[in-house]
Protein chains: 2
Amino acid sequence: MAQYLPPIRDMQFVLHELLEVESRLAELPAHAETGRELIDQVIEEGGKFCSEVLFPLNRSGDEEGCTYEGDGVVRTPKGFKDAWAKFREGGWPTLTCDPEYGGQGLPHAVGMAFQEMMNSANQAWTMYPGLTHGAYDCLHAHGTPEQKQVYLPKFASGAWTGTMCLTEPHCGTDLGMLRTKAEPQADGSYRISGTKIFISSGEHDLTENIVHLVLARLPDSPQGTKGISLFIVPKFVPDANGNPGARNGVKCARIEEKMGIHGNATCVIDLDGATGWLVGDPNKGLQAMFVMMNSARIGVGLQTLGLMEVAYQNSLAYAKERLQMRSLTGPKAPDKPADPIIVHPDVRRMLLTQKAYTEGSRAFAYWAALQADVAHGHPDEAVRKDAEDMLALLTPIVKAFITDNGFVTTNMAMQIYGGHGYIREWGMEQYVRDARINMIYEGTNTIQSLDLLGRKVLGDSGAKLRKFGKLVTEFVEAEGTNEEMAEFIDPLADLGQKVEKLTMEIGMKAFQNPDEAGAAAVDYLRVIGHLVLGYFWARMAKLALEKQESGDPLYRSKLATARFYFAKLMPETAALIRTARAGAKPLMDVEVELF
Amino acid sequence: MAQYLPPIRDMQFVLHELLEVESRLAELPAHAETGRELIDQVIEEGGKFCSEVLFPLNRSGDEEGCTYEGDGVVRTPKGFKDAWAKFREGGWPTLTCDPEYGGQGLPHAVGMAFQEMMNSANQAWTMYPGLTHGAYDCLHAHGTPEQKQVYLPKFASGAWTGTMCLTEPHCGTDLGMLRTKAEPQADGSYRISGTKIFISSGEHDLTENIVHLVLARLPDSPQGTKGISLFIVPKFVPDANGNPGARNGVKCARIEEKMGIHGNATCVIDLDGATGWLVGDPNKGLQAMFVMMNSARIGVGLQTLGLMEVAYQNSLAYAKERLQMRSLTGPKAPDKPADPIIVHPDVRRMLLTQKAYTEGSRAFAYWAALQADVAHGHPDEAVRKDAEDMLALLTPIVKAFITDNGFVTTNMAMQIYGGHGYIREWGMEQYVRDARINMIYEGTNTIQSLDLLGRKVLGDSGAKLRKFGKLVTEFVEAEGTNEEMAEFIDPLADLGQKVEKLTMEIGMKAFQNPDEAGAAAVDYLRVIGHLVLGYFWARMAKLALEKQESGDPLYRSKLATARFYFAKLMPETAALIRTARAGAKPLMDVEVELF
């Protein structure tokens with residue numbers, strides 16, 4: 001019963017008006033030709049594919065789930081395979097791939113919009129191409145020329161899919177403990193043995209071949225994370241013509257029953273002397289895999305953005321239709337037996353929270369994608385470095401801040417439906433169940449917060465954060481005398497100053513005691529998340545003020561949402577800063593026996 | 001794979017040491033004999049029943065769910081019926097029932113502890129006796145002597161179960177719109193026709209009869225909530241001997257597929273000229289039903305308390321066993337390949353949040369139950385009135401604050417398991433799915449907040465709130481010069497003052513514009529929730545300080561948890577007060593078209 005309309009106008013606002021992607025892309029030789037017309041066409045056609053092909057399979061895919069048919073065979077839900085064929089026919093897998101390997105070479109900023117819509121339509125299905133995209137990025141960066149020739153065109157065309165095989169039963173976060181072994185063979189290949197778990201898209205019936213990227217240990221490799229290497233392990237070993245050849249010793253042992261994303265097969269993968277080939281340098285597997293991991297982390301943020309959007313659309317439609325109680329200030333629909341629930345203040349709070357987080361995250365995530373484009377393709381090295389730094393800083397925020405907020409907002413969408421939200425029929429509870437995994441996989445949100453505070457901020461003494469801070473300061477200074485902007489600029493500037501102080505304080509404390517970083521990290525990430533979101537909402541408010549008389553209601557809508565964000569959401573930082581400052585003592589002074 | 005140990009020691013701490021129930025009960029003629037020994041025996045034996053009989057059916061009940069077998073017949077999951085037989089054999093349904101109707105007449109404060117354990121063990125199963133208990137309370141208060149004679153012994157013995165039939169497809173919150181009709185018959189009965197939805201325990205195979213309490217309209221009754229009457233509609237009409245006789249025209253049309261509580265049948269109930277009997281006065285059905293509703297609201301808080309406890313126990317055990325990464329301050333288990341994750345600050349934050357909310361809610365909910373005992377049975381009318389007021393004030397807080405926190409904490413329990421939390425096998429995701437309904441049914445948490453702020457606080461110009469405030473002030477004054485208590489007393493006193501100001505401010509604004517109450521209510525309820533929880537944590541800290549040298553680690557544990565609560569959870573009020581004060585404008589100024 002759910003519905004989905006691609007939010008074309010809002011995407012255009014973000015890409016063309018807020019981020020001005022055309023002029024940014026014009027500086028990049030590879031994308032200089034990507035004009036507005038092409039971008040709009042991709043979004044519109046992509047939106048049709050998502051809403052017409054993927055969306056109708058979302059609930060049925062959840063109900064049916066994947067089936068383990070025995071002997072390593074997994075069947076995806078009805079319709080998934082046809083949708084894959086249409087995906088290939090439309091040329092969608094090639095979108096952002098390198099033309100050298102059959103791709104269309106479009107910028108990430110455009111690919112991101114398509115990814116968002118795919119996830120609104122069907123997160124479980126979208127994980128099949130999503131992980132393939134990560135595998136593509138990883139091999140593109142670290143594969144040998146031969147590996148690229150064999151695998152990249154297959155990924156780009158959607159002929160084959162990819163997986164990332166990291167987790168083992170005894171280790172997920174702590175990959176240093178992994179045990180899967182790789183023994184060198186005379187022909188330059190490796191025999192790989194071990195068991196991997198939680199392998200999304202690990203087995204399925206969509207494509208003729210599946211290519212696993214597997215972390216394993218070489219004999220006599222150092223202990224811990226410094227002794228991990230990366231291998232390509234295809235389900236069918238490509239023959240001389242690049243077609244699937246001999247069946248390899250890699251097999252799905254079973255699939256997991258889980259809370260959500262039922263349409264995606266989460267596999268236990270047994271490697272029993274499977275043939276694999278080294279990717280990149282021996283013992284440098286984790287660094288190589290991090291290309292895929294970073295791509296996946298941004299991808300998870302996009303998954304949640306997609307869910308937030310579709311959940312919002314549905315709860316908004318319901319709030320306009322569902323009649324229940326009269327407004328506290330008197331009937332608003334006197335001709336009806338009750339008022340639509342959108343008249344009630346708390347229903348509005350739940351709708352506007354969804355709207356502010358969704359649209360703010362869109363601005364923020366697309367901007368991150370643009371940084372990826374600049375980092376890859378700008379002719380000036382200093383500009384590339386700045387974009388790389390910004391992307392490194394933002395990646396854990398895109399992953400954790402968006403997914404935490406997305407769980408809040410999909411739950412609000414469900415809450416607006418009351419009892420009907422808890423019933424499967426309406427589709428809302430599926431969004432909550434699907435959104436929940438996003439806070440866990442590709443590094444839990446706690447891990448993201450440690451990455452942000454420990455590695456990205458304290459690790460370079462705040463240099464990357466200052467680069468972002470400079471953007472904020474420049475905007476604050478430019479608008480500081482604009483009275484109309486004061487309601488946005490004042491709290492943003494105030495938060496900026498508080499972030500500076502807080503970072504310094506935590507840094508000093510963590511220098512004495514590293515647990516202080518661990519104790520503050522989760523709160524800290526949310527504070528920075530609000531600084532980023534506040535920056536984008538203030539920028540959107542500025543545009544909206546300039547264009548509010550244009551007749552397009554979008555600008556007045558942005559202005560109202562920005563006001564809501566600063567009044568009702570950003571104040572969360574008042575509590576977060578306090579709890580971050582409360583430090584490690586209340587956590588670490590407790591003896592284990594007292595829990 | 002989940003486990004459950006009844007938290008006997010902590011229950012005893014709350015009942016005997018914190019609340020001193022024996023001396024409070026000694027003032028109540030009906031319960032004067034309820035000594036500590038009897039209470040402990042009930043808890044211990046009750047705990048065995050819950051952990052040995054109900055708990056093993058929790059996951060299997062979720063997996064199997066209820067089955068609609070056609071023609072109105074519903075089958076509960078394997079084992080549910082046997083458990084019901086054991087429940088009756090043990091005399092558990094009779095626990096708090098009136099001895100006049102075959103009950104044991106134990107106080108609510110004791111029944112509450114048993115209810116908590118049943119819910120830890122199996123929320124879906126516990127809803128069958130839970131709703132029966134509400135139906136019992138309602139008929140006990142409003143039934144005719146004949147109705148009581150026929151039905152109450154059947155409820156007390158667990159021979160029959162009860163339901164509450166309020167919701168219809170077009171109305172849940174807004175019962176004023178309900179359409180089910182009741183036509184008077186010559187014999188004094190009524191013919192009732194209509195469709196009810198979301199009827200928990202509406203049909204099942206546990207008992208020989210099911211008694212529906214149904215809201216319906218008499219002919220020519222006033223519109224809205226003033227024209228609603230309450231009827232008893234048994235599935236089988238009792239014969240002259242009180243045994244199930246003729247099959248009545250009330251039938252389950254189907255059961256809902258839902259997110260959780262799969263072991264409980266959520267039914268669509270068709271009434272097709274069913275025979276019913278009026279309960280209480282015509283057109284006063286909603287008031288009569290409110291007895292059941294208030295009992296159910298406290299019950300929902302208890303459901304969540306149960307889930308919080310069992311989720312905490314499991315995530316704690318996992319955090320002690322699961323080895324992953326080294327402590328940031330150096331290895332804590334150097335003989336093992338990694339440290340148990342309980343060494344990590346954020347894992348501790350998630351554990352202590354669960355612990356602080358769980359144990360705080362236990363103190364708070366049991367105290368509320370004690371108010372119910374006092375309200376029912378104290379010889380002094382003024383004391384009864386005070387207890388009634390306290391219970392009225394606390395009911396929406398027990399319901400909404402505990403269930404909101406419970407959704408946070410069961411999610412934290414799941415998060416501690418990482419990817420394993422998302423997999424069904426470990427049982428954690430079921431707690432999240434089950435906990436989710438508690439924020440919705442028996443009045444959504446927004447409705448609770450409006451009840452608190454609108455009816456309970458502003459409705460009597462703060463009189464009830466001042467009664468609770470007096471307890472806080474007395475405690476603050478008594479401990480104000482106790483230096484050891486300053487870390488708890490100072491923030492509690494500070495919050496007390498802020499609540500006073502905030503209440504006044506919202507009251508003034510709401511007087512001008514009722515939407516101001518609607519806009520602030522949800523934040524306001526959480527602020528009051530923290531005042532209540534802070535009061536109980538401060539009182540527990542005081543006891544703990546006095547007894548920390550006793551050798552029982554419970555007291556040091558309480559002290560550490562109280563410190564955590566004041567340092568890391570209560571500061572949330574800093575943000576809540578800001579957003580409550582931000583008022584209605586950012587919500588209500590947005591035209592519907594701009595959403």
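Visitor: Leaving aside neighbours within four places in sequence, which residues is B:Leu453 in contact with?

Guide: This is a predicted model. In it, B:Leu453 is in contact with B:Leu458, B:Gly459, B:Ile506, B:Ala517, B:Ala520, B:Ala521 and B:Tyr524, leaving aside its neighbours within four places. B:Leu453 itself is found in helix α14 of chain B, residues 445-457.

Visitor: Is B:Leu453 buried or exposed?

Guide: B:Leu453 has a relative accessible area of 1%, so it is buried. As for distance in sequence and in space, B:Leu453 and B:Gly507 are 54 residues apart along the chain, while their C-alpha atoms are 9.0 Å apart.

Visitor: What does B:Ser200 touch, not counting residues up to four places away in sequence?

Guide: B:Ser200 touches B:Met127, B:Leu131, B:Thr163, B:Asn264, B:Ala265 and B:Thr266 when residues up to four places away are not counted. The residue lies in a strand, β5 of chain B (residues 190-200). B:Ser200 is buried too, with a relative accessible area of 12%.

Visitor: Is the lysine A:Lys464 buried or exposed?

Guide: A:Lys464 counts as buried because its relative accessible area is 15%, and the cut-off for buried is under 20%. A:Lys464 lies in helix α15 of chain A, residues 463-479. Beyond its neighbours within four places in sequence, A:Lys464 is in contact with A:Asp389, A:Ala392, A:Leu393 and A:Lys456.

Visitor: How do I read burial over a whole helix, and how many residues of helix α1 of chain A are buried?

Guide: An α-helix has 3.6 residues a turn, so residues three or four places apart point the same way. Helix α1 of chain A (residues 8-18) is mostly covered, with 10 of its 11 residues buried. Among them are A:Ile8, A:Met11, A:Phe13, A:Val14, A:Leu15 and A:Leu18. The buried residues of α1(A) also include A:Asp10, A:Gln12, A:His16 and A:Glu17.

Visitor: What covers the buried residues of α1(A)?

Guide: The cover includes α2 (21-25), α3 (36-54), α6 (108-121), α10 (345-377), α17 (515-547) and α18 (553-569) of chain A. After α1(A) comes A:Glu20, whose phi is positive, near 45°.

Visitor: How is a pair of aromatic rings described, and how many aromatic pairs are there over all chains?

Guide: A pair of aromatic rings is described by the distance of the centres and the angle of the planes. A search of the whole structure finds 49 aromatic pairs over all chains. In one of them, the rings of B:Tyr318 and B:Trp426 have their centres 5.4 Å apart and their planes at 80°, so this pair is edge-to-face.

Visitor: Where do B:Tyr318 and B:Trp426 lie?

Guide: B:Tyr318 lies in helix α9 (residues 285-321) of chain B, and B:Trp426 in the loop between α12 (419-422) and α13 (428-437) of chain B, so the pair ties together parts that are 108 residues apart in sequence. B:Tyr318 is buried, with a relative accessible area of 7%.

Visitor: Which residues form one aromatic cluster in chain A?

Guide: One cluster is formed by A:Phe49, A:Trp84, A:Phe87, A:Trp92, A:Phe114 and A:Trp125.

Visitor: Which rings have the charged end of an arginine over them?

Guide: In chain A, the charged end of A:Arg247 sits over the ring of A:Phe236, 5.4 Å from its centre. In chain B, the charged end of B:Arg436 sits over the ring of B:Phe407, 5.4 Å from that ring's centre.

Visitor: What rotation superposes chain B on chain A?

Guide: A rotation of 180° with 0.0 Å of shift along its axis does so, with an RMSD of 0.0 Å. That is the relation of a two-fold axis. The C-alpha of chain B nearest the axis belongs to B:Ala575, 2.6 Å from it. The same surface serves both copies, as 100% of the contact residues of chain B recur in chain A.

Visitor: Where does UniProt place domains in chain A, and what are the helix and strand contents of those spans?

Guide: The names below come from UniProt, in an unreviewed entry.
- "Acyl-CoA dehydrogenase/oxidase N-terminal" is placed at residues 81-158 of chain A, a span that is 72% helix and 0% strand.
- "Acyl-CoA oxidase/dehydrogenase middle" is listed at residues 164-272 of chain A, where the chain is 0% helix and 47% strand.
- "Acyl-CoA dehydrogenase/oxidase C-terminal" is listed at residues 283-450 of chain A, where the chain is 75% helix and 0% strand.

Definitions and conventions: Residues numbered from 1 in each chain as written. Chains lettered and ligands numbered in written order. Predicted model: local features only at pLDDT ≥ 70, side-chain atom pairs only at ≥ 80, totals over all residues. Heavy atoms only, no water. UniProt positions renumbered as here; feature names shortened; annotations may be inferred. Helix = DSSP H or I, 4+ residues; strand = E, 2+ residues; numbered from the N terminus. Phe/Tyr/Trp six-rings, centres within 6.5 Å; stacked < 30°, edge-to-face > 60°. Buried < 20%, exposed > 50% of the residue type's maximum accessible area, 1.4 Å probe, protein only. Lys NZ or Arg CZ within 6 Å of the ring centre and 35° of its normal. Contact = heavy atoms within 4.5 Å. Least-squares fit on C-alpha atoms with pLDDT ≥ 70 in both.
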